[in-house]
Amino acid sequence: IVCAFGMFLLLRMQLTFSLFTAMFLGSWIIEGSLILGFRAVFEKYIVGSLSDSSHVSILLFVISIYVFMEMVNKSGGTNEAVRYLSPYTTKARIAQLAVLGMGIFTFFDPYASILIVGKVFVSVMS
């Protein structure tokens, strides 16, 4: 994970690609061979995690929350939230406290809280 975030921050790579590269490098080190490491990424980690029902249910839940937030965004809900919160979040510290409060308010699941608060406050924080 440190390798993935290092590549993400230093090389400005996409986070998904950085995580895949870190997973590949880790399996290359564990397996001891480049080809075996690449094969292990798909067989053990990707296919293995998709065959587990709990992993698939979490993945479907996250996708459904993401689709819901995209529908709210397309209908203008996030823009209205930004318009409502912008006068109150004039300073960075106040905006951070608003993010914290919204995160606590919407915390019924860690995945949902991150997706909802991130989608709403990405415009407020910038």
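**A walk around helix α4**

Let us begin with helix α4, which spans residues 53-74 and gives the nonpolar patch its largest share, seven residues. Keep in mind that the model you are looking at is a predicted one. The patch lies on the surface and covers about 790 Å². Its members are Leu50, Leu59, Leu60, Ile63, Tyr66, Val67, Phe68 and Met71.

Pick out Tyr66 from that group, a residue of helix α4. Is Tyr66 buried, or is it exposed in part? With a relative accessible area of 44%, Tyr66 counts as partly exposed, because that label covers values between 20% and 50%.

Now turn to a hollow. Rolling a probe the size of a water molecule over the atoms shows where empty space is left. The second largest pocket has a volume of about 200 Å³. Around this pocket you will find Ser49, Leu50, His55, Val56, Ile58, Leu59, Val62 and Tyr111. Two elements, α3 (34-50) and α4, each give two or more residues to this lining. The largest share again belongs to α4, with five residues. In terms of class, the lining holds six nonpolar and two polar residues, and no charged ones. Leu50 and Leu59 may look familiar: they line this pocket and also belong to the nonpolar patch.

Our last stop is helix α7, residues 110-125, where Val117 sits. Val117 is buried, because its relative accessible area is 8% and the cut-off for buried is under 20%. From Val117 you can look across to Gly101: the two are 16 residues apart in sequence, and their C-alpha atoms are 9.7 Å apart in space.

Terms used: Residues are numbered from 1 along each chain as its sequence is written. This is a predicted model: local features need pLDDT of at least 70, side-chain atom pairs count only at pLDDT 80 or more; totals for chains, interfaces and linings use all residues. Side-chain values use heavy atoms; hydrogens and water are left out. Patches are made of residues with over 30% relative accessible area and no salt bridge: like charges are joined within 9 Å, nonpolar side chains (Val, Leu, Ile, Met, Phe, Trp, Tyr) within 5 Å. Accessible areas come from the Shrake-Rupley method with a 1.4 Å probe; for residues, only the protein chains shown count as cover. A salt bridge is a side-chain nitrogen of Lys or Arg within 4 Å of a carboxyl oxygen of Asp or Glu. Helices (H or I, at least four residues) and strands (E, at least two) are DSSP runs, numbered from the N terminus. Buried means under 20% relative accessible area, exposed over 50%, partly exposed in between (1.4 Å probe, protein chains only). On a 1 Å grid over the protein atoms alone, a cavity is a set of points where a 1.4 Å probe fits but cannot get out, and a pocket is an open set with protein on both sides within 12 Å along at least five of seven lines; lining residues have an atom within 4 Å of a point. Grid points are joined across faces, edges and corners, and a volume is the space filled by probe spheres set on the points. Ala, Val, Leu, Ile, Met, Phe, Trp, Tyr, Cys and Pro count as nonpolar, Asp, Glu, Lys and Arg as charged, and the others, Gly among them, as polar.
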